[in-house]
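Colleague: Could you take me through one part of this model slowly? I'd like a close look at the salt bridges, please.

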Amino acid sequence: MTEDNLRQATKEFFRCYWSIDNGEQPEWSHHWNFNGSIPNNNKRGCYVLFRNKDVVYVGIGIGKGTGMYQGCGLGFRLKKYWAVNRDKDKNTKYKPTSNWTELTSVMTIGFEEKHYPLAAALEIYLINKLNPPRNSLHK
């Protein structure tokens, strides 16, 4: 499954479960390639891990977080997938952890605080629709 499949499944989800009274629907971020800030790091929502163009895992970050990630479900959750990689000039970059070396990018979708419970439903919906190889729950 690819980003196009992800976007189509998300569109179907919102058509079924999003009310116009909720305002604008959240949208998927650009691909984060382990440089700079994680998109939507200050929100709760879903994320998708990619190997090249293929969706390999769908996850959720809706916890409250701790420390500098307090209130930042996605930022707190996603830090488990990368490690700091400082080069010889002490520039900070990130790299996937040893359990996730195949990752090439991450996309996120952040929900406003009052709508973040819908992220759990979106995660389950996407896992069922996309059947990512590294997800084992909800299949």
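Modeller: Sure, here is a walk through some of the salt bridges, with a bit of background before we zoom in. Keep in mind that this is a predicted model. The mean pLDDT of the chain is 88, and confidence is highest in helix α1 (residues 3–17), at 97. Along the sequence the pattern runs α-β-β-α-β-β-β-α, which gives three helices and five strands.

Now for the bridges themselves: the structure has five of them. Let's start inside helix α1, where Glu3 and Arg7 sit four residues apart, about one turn of the helix. Their side chains meet in a salt bridge, at 2.8 Å from N to O. Is this pair buried or exposed? Glu3 has a relative accessible area of 22%, so it counts as partly exposed, and Arg7 is partly exposed too, at 34%.

Next up is Glu112 with Lys43, whose closest N and O atoms are 3.3 Å apart. This pair ties together distant parts of the chain, 69 residues apart: Glu112 is in the loop between β5 and α3, while Lys43 is in the loop between α1 and β1. Glu112 is partly exposed at 49%; the cut-off for exposed is over 50%, so Glu112 stays in the partly exposed group. Lys43 is partly exposed as well, with 24%.

Last, look at Arg134 and Glu102, bridged with their closest N and O atoms 2.6 Å apart. Here, too, distant parts are linked: Arg134 belongs to the segment after α3, and Glu102 to the loop between β4 and β5, 32 residues apart. Arg134 has 34% relative accessible area, so it is partly exposed.

Note on methods. Residues are numbered from 1 along each chain as its sequence is written. This is a predicted model: local features need pLDDT of at least 70, side-chain atom pairs count only at pLDDT 80 or more; totals for chains, interfaces and linings use all residues. Side-chain values use heavy atoms; hydrogens and water are left out. pLDDT is the predictor's confidence in each residue, from 0 to 100. Helices (H or I, at least four residues) and strands (E, at least two) are DSSP runs, numbered from the N terminus. A salt bridge is a side-chain nitrogen of Lys or Arg within 4 Å of a carboxyl oxygen of Asp or Glu. Buried means under 20% relative accessible area, exposed over 50%, partly exposed in between (1.4 Å probe, protein chains only).
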